[in-house]
Every structure is written in structure tokens, then in C-alpha cells.
Amino acid sequence: MAQRTVRFYEILNKEKERFPNKIPFEDLLREVDELDDDAAYVSTRTMELLGSTYLPYPGGTKQAAPLITLDRITRDVRLRIERRRNYRPLVLDQDETLAEPTFYSIFDNNVVGVMRNSGSAPGAPSFREYINKLELIEGGIELAPLVDRDALRALREVQTLTKFNLAVGPDVTADVFGEGSMITGLIRHWRQNLGNVGIEVSIRISPKGQQEESEIAFRDIEQLATSNAIGYVDKAEIAYRRIEDGRASTFDLLQEAVAQSVEVDLDEDSNQPTVLSVAQGMAEAYDELYEEILSALRATS
């Protein structure tokens, strides 16, 4: 057994407005399933993806959600062949292939659950690009994370910022964070020089003599915490001195996200989650967070 986190997003149209009707997930599953193997491999701006589907057998002892799986495909002669998907075989060229999966399921109100296997697996941006590139949903989609939109209340006690830790996955681009942010410049620099790698940075600011630097960094963190960008980071933590008494404290911005940790079974050969346990974990997370999901949807209506 192992733990994986399910994070929830709302699917919007390209104008970032809600769809008038529920997206028919059954039709989307069928369209992905009917793609021939060549078409199922999609190259986005950041990685190559293989789309597959999984439909749980009816009548199981536990509720399970249908899944779309996007595997990040890495073609490198130095990597050994690993066939991860028994429901869509990996098509190998001359190079060997390694796959790293992320699982997606769409629920009521066009809410999508996302479970990544690791920090190098695809994320929410990959799902958007895969759907849009194949034109699987008319007009295209955007994703908005379900978060506590009143996150500023948790930041009101910050007097002086002393540390900021940020991590993003390999498919997150700099433009997610908006122009004028120091985060945008950092991500853009590493993307230009290192390509599509996972990025983790830590910024330390002295509590004495660097008040201006602290204020500049804090403005970017406020913007991050209250925008859709918070849905695309893997880590966002701050350390600070409190207004009330000047004592040191910490805060995890991701606790504002609607997310749930679930247990999954691991395949003994690949050490990756079995699709049945993922489907069950996805359904469990949605049920556990149902009221929080509705609350987040109402807050943005």
C-alpha cells in the first residue's frame, strides 16, 4: 500500500466560463479509447503523452470511478522497456520507452480529480493540452483549481516573510504565474536552460535588514495564493514572523486546495498504483470532499 493525493479542479471553457451542461465523460472515454495507437500519442509543449482509459467492472464491493490515464513517455536508449499499461500497449520505436502515469476522472459539475504518481508525472496542464490538441471537447477547455478563495485571511498575520519554498512539475509553464512575478522569471529561466524538469526552489530572507525584499516576495505569494496558479504547484510553503508577537511561524498554502490523500495498491513489478485501486481511491476522495467541493464551486459562482 502507498499514499497518493487527489486534487480537484473545475473544467471551464476557453473563456474561463462554466459549461452550460455536464461534460459527458462516457463519450470522452469512448473517444480516447477509439483512438488508434498512433493518434493516442500526443506531443504537447512540454512532453509526449499516451492516453488510455479504464472502466471498472460493475458490481464491485467498493465504488470505483472511470479513468483517463495520461502516461508521460520518455524515449531514451538508456532506459529499459517497461510496459505499464495492460489496456493499451506501449508502441515502441527503435528507442526504448518508459511511462509515468497520472489518472483523471470527471464527476458532477464538471469537476475533475487528478492523481499523479510522482512529481515527474503529467499534471493538470497536460490534461488540458491533451484534450485541446485532440479537440475532444468542442471549443477547448481550461482548468481552475478548487481552492479556498479567502486564502488572504490566512496570510494576514504575516509581518515579515523569512522563507518561501516552491515546487512545480515538469509540465508547468512560467505563464501560469502571470507577468511581473518573480516566480515567472525563475520558472522561465530554468525552462529555457534545463527544459521540462521538475523545479524546486527555496528563497531565504533575513528578518533583519531585508524588509523591502520581504515585502516584494510577499506580494508575489499573495498573488499565488489567490489565483489559479496555486493549482499548478506541488509545494508552496512560507516561514514568517507574526504580526501579533514577532514569533516564527510557518504556513502551507496548499492546505487551501481541495485535495485528499488516499491509499492505493502498488503493482509488484512496476511499483506503480494498480488502476483498480486508483479508481476506488478517486471515488473515495470525491465522496469524502463532496461538501468542500460544493463550497468551493459556490464561492466562485
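Let me start with the surface. The accessible surface of this chain comes to about 15000 Å². Carbon and sulfur atoms account for 45% of that. Keep in mind that this is a predicted model. Of the 301 residues in the chain, 50% are buried.

Next, the overall layout. The chain has eight helices and 12 strands. Now take the contacts between residues at least 6 apart in sequence. Of these, 69% join residues at least 24 apart.

On to the interior. Which residues have the most contacts inside the largest nonpolar core? They are Phe-127, Leu-224 and Ile-238, and that core has 61 residues. Let me stay with Ile-238. Set aside its neighbours within four places in sequence. Ile-238 then touches Leu-155, Val-158, Leu-161, Lys-163, Phe-164 and Ile-221. It is also in contact with Ser-249, Thr-250, Phe-251 and Leu-253. There is a second core, separate from this one, with 25 residues. Tyr-54, Phe-103, Ala-285 and Tyr-286 are among its members.

Now the sheet. Four strands make up an open sheet, and the order is S9-S8-S10-S11. The pairing is antiparallel. Which strands stand at the edges? Those are S9, residues 199–204, and S11, residues 248–252. Each has a single partner strand, so one side of each is left without a neighbour in the sheet. From one strand to the next, the twist averages 20°.

Look at the S8 and S10 pair. S8 covers residues 158–168, and S10 covers residues 233–242. The two run antiparallel, joined by nine bridges. One pairing to find on screen: Leu-161 has Tyr-240 in S10 as its bridge partner.

Two helices go with these strands. Helix H5, residues 182–194, packs on the sheet and touches S8 and S9. The direction of H5 makes about 135° with that of S9. Helix H6, residues 211–225, lies across S8 and S10. H6 runs at about 55° to S8.

Salt bridges next. How many does the structure hold? Eight. I will go through some of them.

Start with Arg-116 and Asp-234. Their side chains meet at 2.5 Å, N to O. Arg-116 is in strand S6 and Asp-234 is in strand S10, so the pair ties together parts that are 118 residues apart in sequence. Is Arg-116 buried or exposed? Arg-116 is buried, with a relative accessible area of 18%. The cut-off for buried is under 20%. Asp-234, at 31%, is partly exposed.

The second pair is Lys-235 and Glu-200. This salt bridge is at 2.6 Å, N to O. It also links distant parts of the chain. Lys-235 sits in strand S10 and Glu-200 in strand S9, 35 residues apart. Lys-235 is partly exposed at 26% relative accessibility. Glu-200 is exposed at 54%.

Third, Arg-247 and Asp-245. Here the closest N and O atoms are 3.9 Å apart. The cut-off for a salt bridge is within 4 Å, so this pair counts as one. Arg-247 is exposed, with a relative accessible area of 55%. Asp-245 is partly exposed at 38%.

There is also a network of salt bridges. It links Lys-14, Arg-128 and Glu-142.

Last topic: backbone angles. Two residues to check here. Asn-110 has a phi near 55°, a positive value in a residue other than glycine. Where does Asn-110 lie? Asn-110 is in the loop between strand S5, residues 97–107, and strand S6, residues 111–116. Asn-110 counts as buried, because its relative accessibility is 4%.

Then Glu-135. Its phi is also positive, about 55°, and Glu-135 is not a glycine. Glu-135 sits in the loop between helix H3, residues 124–133, and strand S7, residues 141–145. Is Glu-135 buried or exposed? It counts as exposed, because its relative accessibility is 66%. So the two residues part ways on burial: Asn-110 is buried, whereas Glu-135 is exposed.

Terms used. Residues numbered from 1 in each chain as written. Predicted model: local features only at pLDDT ≥ 70, side-chain atom pairs only at ≥ 80, totals over all residues. Heavy atoms only, no water. Core = buried A, V, L, I, M, F, W, Y, C linked by side-chain atoms within 4.5 Å. Buried < 20%, exposed > 50% of the residue type's maximum accessible area, 1.4 Å probe, protein only. Contact = heavy atoms within 4.5 Å. Areas by Shrake-Rupley, 256 points an atom, 1.4 Å probe, with all protein chains shown as cover. Pairing = 2+ DSSP bridges. Axes fitted to C-alpha atoms, helices over the stretch in contact; angles between N-to-C directions.
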